[in-house]
Amino acid sequence: MRLKFSFLLLFFYVIMLSCTDKKPVSQVQEASVEQKESTPVKRVDSVEVAKQKPLTYKILVPTAYRYCNPDTLINKNWVELYKDGKDYYVGKARYSIKIISDECGDGSAPKLLGKRNTILFVNQLPIRLGKVQAANIEISDTSYLVPGTTYSFTFLGKRYKLEAKAQGEDVFINYALLLNGERFFREVEAGGACFNFLFAGDLDGDSKLDLVLSAPTDYENLRIFMFLSSCAPPGLQIGKAAEIVDDFSC
């Protein structure tokens, strides 16, 4: 009797194992997909990779903010683009934040300060720290991109022409920036504010031109763009990688 009972118990145990080993069709399909994805491939579609892993660049500039709180964004892992003499460098972010009075806002506002001649704070850049390659163009606070003006310069042996075009005088309509005839920026309406260069050179380490521009839509508006060649859509030279917007109007 014991032998028969043991045999039945063993038979029942085998049946249970065979049932638990079976998987739903969806799980089997998922397993096969995972196995397929794990197989090494020789060619990689950069466009598909960009869709799967979108870049998450964030930028800040040294200034006072009303709607953006830099204290919740920037940290010790950020880097900064700064100028020393005529040269540009990327280094670990060195900054401080203090609260200042804001008569037009809620009474106070955070102000982000750079401890060097900081142009831009960035949360991540795929480039080594140190000196960065810059275009041979003189950039200052008055390097305005007034509609109708053209800047010609070279970078790593390649010639570039940056043009600003728009209609209107007091209010610019269809303001556009073209790089070697290719439009990479357009604003439907800008209230006469002056756009200007902040940097032209290599920020992503691929030896191609990148740009940092100030492009406010109004005199009391802050709007900074970072354009990188590594973020360019297919067939284009550069693409928007990050943007910071704030307002200090009364």
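Reader: What share of the contacts in the protein with a separation of 6 or more comes from residues 24 or more positions apart?

Author: Happy to start there, and please keep in mind that this is a predicted model. The protein has three helices and 15 strands. Among its contacts with a separation of 6 or more, the share from residues 24 or more positions apart is 49%.

Reader: Thanks! How many residues are in the largest nonpolar core, and which strand gives the most to this core?

Author: The members that touch the most others are Leu-120, Leu-145, Phe-184, Phe-197 and Met-226, in a core of 58 residues. With six residues, the strand that gives the most to this core is β14.

Reader: Let's look at Met-226, then. Is Met-226 buried or exposed?

Author: Met-226 sits in strand β14, which spans residues 221-228. Beyond residues up to four places away in sequence, its contacts include Tyr-57, Leu-120, Val-122, Leu-203 and Ala-241. Its relative accessibility is 0%, and because buried means under 20%, Met-226 counts as buried.

Reader: Which residue in β14 is the bridge partner of Ser-214?

Author: Strands β13 and β14 form a hairpin, with six residues between them. They run antiparallel and are joined by four bridges. In β14, the partner of Ser-214 is Ile-224.

Reader: And on β13 itself, which residues are buried on the side opposite Leu-211 and Leu-213?

Author: Strand β13 covers residues 210-214, and five of its five residues are buried, so the rest of the structure largely encloses it. Five bridges also join it to β12, in an antiparallel arrangement, with Ala-200 standing opposite Leu-211. Both faces of β13 are covered: Leu-211 and Leu-213 are buried on one side, and on the other the buried residues are Asp-210, Val-212 and Ser-214.

Reader: Now to the open sheet of five strands. Which strands stand at its edges?

Author: The order in this sheet is β1-β6-β2-β3-β7, with antiparallel pairing. Each edge strand has a single partner, so one of its sides is left without a neighbour in the sheet; these strands are β1 (59-60) and β7 (130-132).

Reader: Within that sheet, which residue in β6 is the bridge partner of Tyr-82?

Author: Strand β2 (residues 79-84) pairs with β6 (residues 118-122) in the antiparallel sense, over four bridges. In β6, the partner of Tyr-82 is Thr-118.

Reader: I'm curious about the aromatic residues too. How are the rings of Tyr-82 and Tyr-89 arranged as a pair?

Author: The structure holds 13 aromatic pairs. For Tyr-82 and Tyr-89, the ring centres are 5.6 Å apart and the planes are at 20°; because planes under 30 degrees apart count as stacked, this pair is stacked. Tyr-82 is buried, with a relative accessible area of 13%, whereas Tyr-89 has 21% and is partly exposed.

Reader: Which residue lies over the face of Tyr-82?

Author: There is a charged side chain at that ring. At 4.1 Å from the ring centre, the residue over the face of Tyr-82 is Arg-116.

Reader: One last thing: how far apart in sequence are the parts tied together by Phe-184 and Phe-227?

Author: Phe-184 is buried, with a relative accessible area of 14%, and Phe-227 also counts as buried at 2%. Their rings have centres 5.1 Å apart and planes at 85°, so the pair is edge-to-face. Phe-184 lies in strand β11 (residues 182-190) and Phe-227 in β14, so the parts that the pair ties together are separated in sequence by 43 residues.

Notes: Residues numbered from 1 in each chain as written. Predicted model: local features only at pLDDT ≥ 70, side-chain atom pairs only at ≥ 80, totals over all residues. Heavy atoms only, no water. Helix = DSSP H or I, 4+ residues; strand = E, 2+ residues; numbered from the N terminus. Buried < 20%, exposed > 50% of the residue type's maximum accessible area, 1.4 Å probe, protein only. Contact = heavy atoms within 4.5 Å. Pairing = 2+ DSSP bridges. Core = buried A, V, L, I, M, F, W, Y, C linked by side-chain atoms within 4.5 Å. Phe/Tyr/Trp six-rings, centres within 6.5 Å; stacked < 30°, edge-to-face > 60°. Lys NZ or Arg CZ within 6 Å of the ring centre and 35° of its normal.
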